[in-house]
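Open the model in a viewer and keep the selection panel at hand. The stops below go from a charged pair to a pocket and then to a surface patch.

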Amino acid sequence: MTKRMKNGLLIAGVVLLSTLPLLLVDGEFGGADGAAEDMIRQLSPAYEPWFAPLLEPPAETESMLFALQAAVGAAVIGYTVGLYKGNAAKSKNR
């Protein structure tokens, strides 16, 4: 099996693993915040929050900020791994 074929199979596997649950599972995708709020209201109906959020952005903006946070985190991790790998290769060549 060639390297190109292995890469193609890996990519196909990743695509299947990410799309099949979306296609086969019927359900509502909700966040942990909403589930926690529902559970608190169910357990203690008289509960009042201690404070209100200062800013509630629209759902699209919230999703964009979450994606930006994930991208920055991935960049930091990638930079750190590359830095350590480069330093290891440089010290190995000495």
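This is a predicted model. Begin with the salt bridges: the structure holds one. To find it, select Glu37 and Arg41 and show their side chains, which meet at 2.9 Å, N to O. Side chains of opposite charge can pair when their charged atoms come close.

Next, colour helix 2, residues 32-43. Glu37 and Arg41 are four residues apart in this helix, so about one helical turn separates them. Now turn on the surface for the pair. Glu37 is partly exposed, at 38% relative accessibility. Arg41 has a relative accessible area of 56% and counts as exposed, because the cut-off for that class is over 50%.

Keep both residues selected and move to the largest pocket. Which residues lie nearest its centre? Add Asp33, Pro49 and Pro53 to Glu37 and Arg41, and the set is complete. The full lining has 17 residues, and the pocket holds about 570 Å³ of space. Helix 2 gives the most to this lining, with six residues. Coloured by class, the lining residues divide into ten nonpolar, five charged and two polar.

For the last stop, select Leu16, Leu20, Leu22, Leu23, Leu24 and Val25. These residues make a nonpolar surface patch of about 630 Å². Centre the view on Leu23, which lies in helix 1, residues 3-24. Is Leu23 buried or exposed? Leu23 is exposed, with a relative accessible area of 65%.

How values were computed. Residues numbered from 1 in each chain as written. Predicted model: local features only at pLDDT ≥ 70, side-chain atom pairs only at ≥ 80, totals over all residues. Heavy atoms only, no water. Patch = residues over 30% accessible without salt bridge, like charges linked within 9 Å, V, L, I, M, F, W, Y side chains within 5 Å. Areas by Shrake-Rupley, 256 points an atom, 1.4 Å probe, with all protein chains shown as cover. Salt bridge = Lys/Arg side-chain N within 4 Å of Asp/Glu carboxyl O. Helix = DSSP H or I, 4+ residues; strand = E, 2+ residues; numbered from the N terminus. Buried < 20%, exposed > 50% of the residue type's maximum accessible area, 1.4 Å probe, protein only. 1 Å grid on protein atoms, 1.4 Å probe; cavity = no way out; pocket = protein on both sides within 12 Å on 5 of 7 lines; lining within 4 Å. Points joined across faces, edges and corners; volume = space filled by probe spheres on them. Nonpolar A, V, L, I, M, F, W, Y, C, P; charged D, E, K, R; others polar.
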